[in-house]
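This report covers an annotated domain, a pair of packed helices and two residues with unusual backbone angles.

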Amino acid sequence: MKPLTFTSSLEVYDSLGELPEDIQDLMKEAFKARDTAYAPYSKFNVGAAILLENGETVIGSNQENASYPSGLCAERTAFYFAGAKHPGVKMQKVAISAKSHQRAMENPVPPCGACRQAMVEYEVKQNAPIVLYFMGETGKVAKAKSVQDLLPFIFDSSCL
Ligand code: THU
């Protein structure tokens, strides 16, 4: 038996103001995207903004459905939109913000597992890391240097 050990680390900033201006701007795009969420069931709005290597920004928000599993998270909405609108253009950074109508979200809200899997597909495809910044409505911001820091030991096309 040989142990297989994974290590990953995140950076956590006390507030958005600690981050460079371009990241603050990207997060503000995520805030705006958050307001476009259609979340009548969870009352939990999420917005994502992706900065592409061509300088364009693509946004997404969660879109829910009366048939609950038919809804889609903000991150996947944004990534699939970027893939469809700008095929082959690398994704450099993504900012994500969540806001609940029920309680204050003051800590970073990490992307769900299904979104991590969807995002890592693009990271592997483009052979370059996608940097993630995620937060609640206010407060701390977490930074991951790569999707794979949130999803070690990935299942990707090399497994097929
Ligand atoms: N949601 C996202 O948009 N992103 C995530 O990573 C986690 C969850 C959405 C899905 C659903 O509309 C609501 O948040 C509550 O789960």
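Which residues does UniProt give for the feature "domain: CMP/dCMP-type deaminase"? The unreviewed entry places this domain at residues 21-158; such annotations may be inferred rather than shown by experiment. The model is predicted, so local features need pLDDT of at least 70 and side-chain atom pairs pLDDT 80 or more, while totals for chains, interfaces and linings use all residues. Numbering starts from 1 along each chain as its sequence is written, and side-chain values use heavy atoms, without hydrogens and water.

Over residues 21-158 the chain is 29% helix and 24% strand, with end C-alpha atoms 37 Å apart. Helices (DSSP H or I, at least four residues) and strands (E, at least two) are numbered from the N terminus.

Helix α2 (residues 74-85) and helix α3 (residues 113-126) have axes that come within 9 Å and cross at roughly 20°. The two helices are therefore roughly parallel (an angle under 35 degrees). On the α2 side, the contact (heavy atoms within 4.5 Å) is made by E75, R76, F79, Y80 and G83. The α3 side supplies A114, C115, A118, M119 and Y122. By class, the contact has seven nonpolar, one polar and two charged residues; Gly counts as polar, and Tyr and Cys as nonpolar.

Most residues other than glycine have a negative phi. The table lists two non-glycine residues with a positive value.

| Residue | Phi | Place | Relative accessibility |
|---|---|---|---|
| N127 | about 55° | loop between α3 and β5 (131-135) | 70% |
| F153 | near 60° | segment after β6 (141-144) | 65% |

N127 counts as exposed (over 50% relative accessible area, 1.4 Å probe, protein chains only), and F153 also counts as exposed.

Notes
Axes are lines fitted to C-alpha atoms, for helices over the stretch in contact, and angles run from 0 to 180 degrees between N-to-C directions. Angles under 35 degrees count as roughly parallel, over 145 as roughly antiparallel, 65 to 115 as roughly perpendicular and the rest as oblique. Buried means under 20% relative accessible area, exposed over 50%, partly exposed in between (1.4 Å probe, protein chains only).
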